[in-house]
Amino acid sequence: MRVTIMAAGLVLVLGGCVAAPPPGPPPIPAARYEPVPPPPGPRLVWQPGGWHWNGGAYVWIGGHYVQRLAAYHHWVPGHWAPNGAWVPAHWV
């Protein structure tokens, strides 16, 4: 009987020592609507705004025009990689 009580107490004490798994990355907020103004020049392309992870919260970076380069094919929004790292938005 005494062994059972001690074992139950030990389970209760050690049960609180188990560390909770770290929380996963927070979900990315919904994109904001940004009206796209007419381009100020023929070689400019709209770079849409997007959420940027600053290490503690998401911060909105507004869209703007950038000079089109030959290597620009499409825009990739910022996202969480499978390894848990934040990948900022970029052109590929």
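What share of the 92 residues in the chain is buried? Buried residues make up 16% of them. Please keep in mind as you look around that this is a predicted model. The chain has one helix and eight strands, and from the N terminus on the order of elements is α-β-β-β-β-β-β-β-β. Aromatic residues come up again and again below, so to speak, and the structure holds seven aromatic pairs.

**The chain as a whole**

- The accessible surface comes to about 7,000 Å², and carbon and sulfur atoms account for 69% of that area.
- Among the contacts with a separation of 6 or more, 36% are between residues 24 or more positions apart.

**Aromatic pairs**

- One of the seven aromatic pairs is formed by W46 and Y65, whose ring centres are 5.1 Å apart. Their planes meet at 70°, so this pair is edge-to-face, the cut-off being over 60 degrees.
- The W46 and Y65 pair links distant parts of the chain: W46 sits in strand β1 (residues 44-47) and Y65 in strand β4 (residues 64-67), 19 residues apart.
- W75 and W91 also form an edge-to-face pair, with 5.3 Å centre to centre and 65° between the planes.
- Because W75 belongs to strand β5 (residues 75-76) and W91 to strand β8, their pair ties together parts that are 16 residues apart in sequence.
- W91 counts as buried because its relative accessibility is 18%, and the cut-off is under 20%.
- Elsewhere, ring pairs link W53, Y58, W80 and W86 into a cluster.

**The nonpolar core and the β2-β3 hairpin**

- The largest nonpolar core has five residues, namely W51, W53, Y58, W60 and W86. Strands β2 (50-53) and β3 (58-61) each supply at least two residues of this core.
- Three names occur in both the aromatic cluster and this core: W53, Y58 and W86.
- Y58 is worth selecting in your viewer. Leaving aside neighbours within four places in sequence, Y58 is in contact with P26, P27, I28, P29, W51, H52, W53, W80 and W86.
- Strands β2 and β3 run antiparallel and are joined by four bridges. H52 has V59 in β3 as its bridge partner.
- The hairpin of β2 and β3 has four residues between the strands, and there G55 takes a positive phi near 100°.
- As background for reading these strands, side chains in a regular strand alternate between the two faces of the sheet.

**Around Q47**

- Q47 is in strand β1. This residue is buried because its relative accessible area is 16%, under the 20% cut-off.
- The side chain of Q47 makes a polar contact with the side chain of W91, at 3.1 Å.
- Beyond neighbours within four places in sequence, the residues in contact with Q47 are G63, H64, V66, W75 and W91. That list includes both W75 and W91, the two partners of an edge-to-face pair described above.

**Loops and the end of the chain**

- G62 is found in the loop between β3 and β4. With a relative accessible area of 32%, G62 is partly exposed, since that value falls between the 20% and 50% cut-offs.
- Setting aside neighbours within four places in sequence, G62 is in contact with E34 and G49. G62 and E34 are 28 residues apart in sequence, with their C-alpha atoms 8.0 Å apart in space.
- P77 is in the loop between β5 and β6 (79-80). P77 is exposed because its relative accessible area is 51%, and exposed means over 50%.
- The C-alpha atoms of P77 and G49 are 8.8 Å apart in space, while the two residues are 28 residues apart in sequence.
- V92 lies in the segment after β8 (90-91). Its relative accessible area is 36%, so V92 is partly exposed.
- V92 and V76 are 16 residues apart along the chain, and their C-alpha atoms are separated by 7.2 Å.

Technical notes:
Residues are numbered from 1 along each chain as its sequence is written. This is a predicted model: local features need pLDDT of at least 70, side-chain atom pairs count only at pLDDT 80 or more; totals for chains, interfaces and linings use all residues. Side-chain values use heavy atoms; hydrogens and water are left out. Buried means under 20% relative accessible area, exposed over 50%, partly exposed in between (1.4 Å probe, protein chains only). Rings of Phe, Tyr and Trp (its six-membered ring) pair if their centres lie within 6.5 Å; planes under 30 degrees apart count as stacked, over 60 as edge-to-face and the rest as tilted. A polar contact is a pair of N or O atoms within 3.5 Å; within protein, one must be able to donate a hydrogen and the other to accept it, and residues adjacent in sequence count only if both atoms are side-chain atoms. Contact means heavy atoms within 4.5 Å. A nonpolar core is a set of buried Ala, Val, Leu, Ile, Met, Phe, Trp, Tyr and Cys residues joined through side-chain atoms within 4.5 Å. Two strands pair if DSSP finds at least two bridges between them. Accessible areas come from the Shrake-Rupley method with a 1.4 Å probe; for residues, only the protein chains shown count as cover.
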